[in-house]
Amino acid sequence: MRALTGRDEIAFHAPADGPHGRLAALAAAVGGRGIEALSALTLPEWEEALLALRRALIGPHIESETDCTGCGAGNALAFSLDDLPREPAAPLPLDGVPLRLLRLGDLIALERRGLRGEAALAALLSLAAGMEPAQAEARLAGPDRETVIAALESAVAGLGLEIGTACTDCGTALVLPLDVAEFLDTELRSRAATLLDEIHLIAMSYHWSETEILALPVSRRQDYLRRILAARTLAEEP
């Protein structure tokens with residue numbers, strides 16, 4: 001797997017497509033697996049691939065924050081991807097028939113259609129249960145909606161990752177589901193938000209083009225930024 005570069009990161013700056021499509025393009029670019037091969041992965045397999053991608057490109061350590069559901073206090077989280085238990089469960093049956101495990105290609109196709117809310121739920125149910133779209137809409141509007149939603153959630157749960165912790169202020173137990181694709185996409189979009197500032201600073205200092213700067217591996221770009229900032233600090237000292 002090759003190193004992450006600014007060319008990879010810039011795709012997450014003001015993106016137009018969906019998170020699964022963006023992440024699949026990144027995985028194909030740095031990992032050498034074609035989009036077709038990635039699209040065939042089931043959602044548990046896709047989350048495993050994303051965990052491996054994150055570990056290789058950024059590292060296994062994660063730091064995040066969450067608010068306590070009991071007292072509202074902010075809590076810092078720090079954990080390693082290597083410590084997360086993988087326990088994908090079989091999809092729950094609906095009308096006595098197990099739902100089909102969805103694949104990455106299904107999610108990318110839905111993203112391209114721009115579906116949201118009830119339309120997205122109906123489309124997912126149609127795929128997982130082999131229903132016609134109108135039939136899926138009717139089931140979601142029926143009296144057993146909660147049962148249908150629970151079955152559908154089991155088909156799109158991926159690895160079923162959860163982070164367990166306790167509030168440092170009140171001790172409330174916190175169990176946080178981890179959507180790997182959502183987390184990694186948010187992380188990469190956050191990194192991309194500062195990328196233009198980094199390009200600007202390096203270009204001003206070294207007079208390199210944007211194309212040249214984006215071609216640098218992230219670690220090399222950060223090395224240059226540290227040198228620029230250190231030189232500025234020395235110049236500002238009395």
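Here is a short back-and-forth on the cavities and aromatic rings of this predicted model.

Me: Why is the Tyr206 and Trp208 pair called stacked?
Reply: Start with the distance: the ring centres of Tyr206 and Trp208 are 4.8 Å apart, and rings pair if their centres lie within 6.5 Å. Then the angle: there are 20 degrees between the planes, and planes under 30 degrees apart count as stacked. So it's an aromatic pair, and a stacked one.

Me: And what makes Trp208 and Tyr224 edge-to-face?
Reply: Here the centres sit 5.1 Å apart, with the planes at 85 degrees. The distance passes, because the limit for a pair is 6.5 Å. An angle over 60 counts as edge-to-face, so that's the label for Trp208 and Tyr224.

Me: Which parts of the chain does that second pair link?
Reply: Distant ones, 16 residues apart. Trp208 is in the loop between helix H10 (195–206) and helix H11 (210–214), while Tyr224 belongs to helix H12 (residues 218–236).

Me: How do you know whether Tyr206, Trp208 and Tyr224 form one cluster or separate ones?
Reply: Follow the partners: Tyr206 pairs with Trp208, and Trp208 pairs with Tyr224. The three form one aromatic cluster. Across the whole structure there are three aromatic pairs.

Me: Why is Tyr206 called partly exposed?
Reply: Its relative accessible area is 31%. Buried would mean under 20% and exposed over 50%, so a value in between is partly exposed. Trp208, at 27%, lands in that class too, and so does Tyr224 with 22%.

Me: On to the empty space. How many cavities of 30 Å³ or more are there?
Reply: Two. The largest holds about 50 Å³ of space, and the second largest has a volume of about 30 Å³.

Me: What makes the lining of the largest cavity seven nonpolar and one charged?
Reply: The lining residues are Leu50, Leu51, Arg54, Ile62, Leu81, Leu178, Val180 and Phe183. Arg counts as charged, whereas Leu, Ile, Val and Phe count as nonpolar, so the split is seven nonpolar, no polar and one charged.

Me: Which helix gives the most to that lining?
Reply: H4, with three residues. Helix H4 (43–57) and helix H9 (180–193) each supply at least two.

Me: Why does the second largest cavity come out with two polar residues in its lining?
Reply: Its lining is Pro44, Ala89, Leu101, Ser154, Ala157 and Gly158. Gly is counted as polar, and Ser falls among the others that are polar too, so the division is four nonpolar, two polar and no charged.

Terms used
Residues are numbered from 1 along each chain as its sequence is written. This is a predicted model: local features need pLDDT of at least 70, side-chain atom pairs count only at pLDDT 80 or more; totals for chains, interfaces and linings use all residues. Side-chain values use heavy atoms; hydrogens and water are left out. On a 1 Å grid over the protein atoms alone, a cavity is a set of points where a 1.4 Å probe fits but cannot get out, and a pocket is an open set with protein on both sides within 12 Å along at least five of seven lines; lining residues have an atom within 4 Å of a point. Grid points are joined across faces, edges and corners, and a volume is the space filled by probe spheres set on the points. Helices (H or I, at least four residues) and strands (E, at least two) are DSSP runs, numbered from the N terminus. Rings of Phe, Tyr and Trp (its six-membered ring) pair if their centres lie within 6.5 Å; planes under 30 degrees apart count as stacked, over 60 as edge-to-face and the rest as tilted. Buried means under 20% relative accessible area, exposed over 50%, partly exposed in between (1.4 Å probe, protein chains only).
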